[in-house]
Amino acid sequence: MNLPHYERIALVLQGGGALGAYQAGVYQGLNEAGIMPNHISGISIGALNTAIIAGNAPEDRVEKLHQFWETICQPNLGMSMLPFFEQGLFNMHDWFKIGLGNMYGLSAIFDGQNGFYKPRIPPPAMVGHGTPEQASYYDTSALKHTLEKFCDLDRINSNKCDIHVSVGAVNVRTGNFVYFDNECHELRAEHFMASGALPPAFAPVEIDGDYYWDGGIVSNTPLTYVLGAKPSRDTLVFQVDLWSARGHVPQNMEQVNDRQKEIQYSSRTRMLTDYWKQVQEMRHAIGKLLELVPPEKLPENGSLAKIKELADKRKYNVIQLIYRDRPYERHNKDYQFGLASMKDHWQSGLMDIRQTLDKPEFLAMPENDIGFVSHDVHREEVYVPKGVKAK
């Protein structure tokens, strides 16, 4: 696929547990179209997908994603259904989908997931003294081996990696949000695990003497980190969200639980695009102002350098892909890891990105006054931030 000359093509992956297979489907569609992101940033399950993609050669990435998801979508100890039998039930009726979802949700709670996590036996103490590594309901030590099996961490940290990698986490001691970035850190399995260490289910991960939890506690999307990256460049962003900020008013307690998680973990992507529209509008205004001032009138001090740094006439295109709930999905959609539902999420992401890429105008370089535009195929129209006229 022929793209305009974007210097940065970014894939931004939100957290959302089992729904993360949707992101794998999106990546498969990008790979099919020959679109190779050179910056991937993730949080929580998005960080794990980031590790698998960046830690493999381009021709191996989709297959390794399949292997990773097929591994963690098996029970930790218990027996799972034969895949063809499970898929047959899943395809029969929504009631079977609900039943399978409840079954695998309970399995995730009481048994854990193969190569991912297992319940602590005995359970963690509620009071008294212990260690940070034991302060959780589940043990995720198996995830380290799984990541090291399916991705080459040395590749991520070497010149062979053609991808700028960044994953978000929260410092438990300070409460500060941090990004582990392969341009300034040597990334290990622990960095990706830390990004997905959601309490109280998972324990904080120790890195260089500090402990880190899931970045979704503070922000469930790295969009701001990517758009604010320096140096500024013409950027195309594929923002893949697993939770929708928009939804229905709940009518029972199960729906309350589901809606609460949607609001808590959604990226509020359109709110962020409005914010970045304002930032970019200011940057363009500063750039135009500098063009109007004769060079001899510009101040010869440090403030000029700061003003020039703020000026930015680069162009930004954010393409939003937001997972849409199925009618049969319930509050456990983010932690029921059945193979059939995983494949359904994967296929949903693949179909959404194919539908998006069928609209070449979505990929065009922004031509409005501020050089910023966003698209969402599910809205069936170009989304231009408030106060900006589309061209």
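Biologist: How much area does the protein chain expose, and what share do carbon and sulfur atoms supply?

Modeller: Accessible areas come from the Shrake-Rupley method with a 1.4 Å probe, and for residues only the protein chains shown count as cover. Here the protein chain exposes about 18400 Å², and carbon and sulfur atoms supply 56% of that. Keep in mind that this is a predicted model, where local features need pLDDT of at least 70, side-chain atom pairs count only at pLDDT 80 or more, and totals for chains, interfaces and linings use all residues. Residues are numbered from 1 along each chain as its sequence is written, and side-chain values use heavy atoms, leaving out hydrogens and water.

Biologist: What percentage of the residues is buried?

Modeller: Buried means under 20% relative accessible area, exposed over 50%, and partly exposed in between (1.4 Å probe, protein chains only). Of the 391 residues in the protein chain, 53% are buried.

Biologist: Is Ala305 buried or exposed?

Modeller: Ala305 counts as exposed because its relative accessibility is 51%. Ala305 sits in helix H12, residues 302–310; helices (H or I, at least four residues) and strands (E, at least two) are DSSP runs, numbered from the N terminus. The protein chain has 13 helices and 12 strands.

Biologist: How far apart are Ala305 and Leu89?

Modeller: C-alpha to C-alpha, Ala305 and Leu89 are 64 Å apart in space, with their positions 216 residues apart in sequence. For scale, the C-alpha trace of the protein chain spans about 75 × 50 × 45 Å along its principal axes.
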